[in-house]
Amino acid sequence: MHLSLEQQIVCRRDLELLELCIKDTEHRFYREMLINAMQTAILDFFDFHARIYDESDISTQMPPSYIVS
């Protein structure tokens, strides 16, 4: 996938943050920080893809607590 210069910067930032989180094993919320950093990277990758392929019909995922039964 070809990324613009701005997207490359975002991607590099996401991966650097992920690497920092992986190394910070003494963080009191290590697991949550790691999950959050990975989710951020994944959402940015989804955004890159959606912009490249001009995808406007993007579904949103709501946490289970917001689902009305």
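This is a guided tour of a predicted model, going from the whole chain to single side chains.

**The whole protein**

Begin with the full chain in a cartoon view, where the protein shows two helices and zero strands. Of the 69 residues in the protein, 17% are buried. If you switch on a surface, its accessible area comes to about 6,400 Å², and carbon and sulfur atoms account for 57% of that area. Among the contacts in the protein with a separation of 6 or more, 53% are between residues that stand 24 or more positions apart.

**The start of the chain**

Select Met1 next, which is found in the segment before helix 1. Is Met1 buried or exposed? With a relative accessible area of 62%, Met1 is exposed, because that value is over the 50% cut-off. Now add Phe48, His49 and Ile52 to the selection, since these are the residues that Met1 touches when those up to four places away in sequence are not counted. A distance drawn from the C-alpha of Met1 to the C-alpha of Phe48 should read 8.8 Å, although the two residues are 47 residues apart in sequence.

**Arg13 and its two acidic partners**

The structure holds four salt bridges, and the next stop takes in two that involve Arg13. Show the side chains of Arg13 and Asp14, which meet in a salt bridge with an N to O distance of 3.2 Å. The two partners differ in their exposure, for Asp14 is buried at a relative accessible area of 2%, whereas Arg13 is partly exposed at 47%. Then add Asp44, whose side chain meets that of Arg13 in a salt bridge of 3.5 Å, again N to O. What does this pair tie together? Arg13 lies in helix 1, which covers residues 5-23, and Asp44 lies in helix 2, which covers residues 30-52, so the salt bridge ties together parts that are 31 residues apart in sequence. Asp44 has a relative accessible area of 18%, and it counts as buried because this is under 20%.

**The end of helix 1**

Move along helix 1 to Glu19 and Lys23, and show both side chains, which meet in a salt bridge of 3.2 Å, N to O. These residues are four apart in helix 1, so about one helical turn separates them. Lys23 is exposed, with a relative accessible area of 61%, while Glu19, at 43%, is partly exposed. For contrast, return to Arg13, Asp14 and Asp44, which are joined into one network by salt bridges that share partners.

**A nonpolar patch**

For the last stop, keep the surface on and select Met38, Ile42, Leu43 and Phe46, which together make a nonpolar surface patch of about 390 Å². One of these residues, Met38, lies in helix 2. How exposed is Met38? Its relative accessible area is 35%, so Met38 counts as partly exposed.

Note on methods
Residues are numbered from 1 along each chain as its sequence is written. This is a predicted model: local features need pLDDT of at least 70, side-chain atom pairs count only at pLDDT 80 or more; totals for chains, interfaces and linings use all residues. Side-chain values use heavy atoms; hydrogens and water are left out. Buried means under 20% relative accessible area, exposed over 50%, partly exposed in between (1.4 Å probe, protein chains only). Patches are made of residues with over 30% relative accessible area and no salt bridge: like charges are joined within 9 Å, nonpolar side chains (Val, Leu, Ile, Met, Phe, Trp, Tyr) within 5 Å. Accessible areas come from the Shrake-Rupley method with a 1.4 Å probe; for residues, only the protein chains shown count as cover. Contact means heavy atoms within 4.5 Å.
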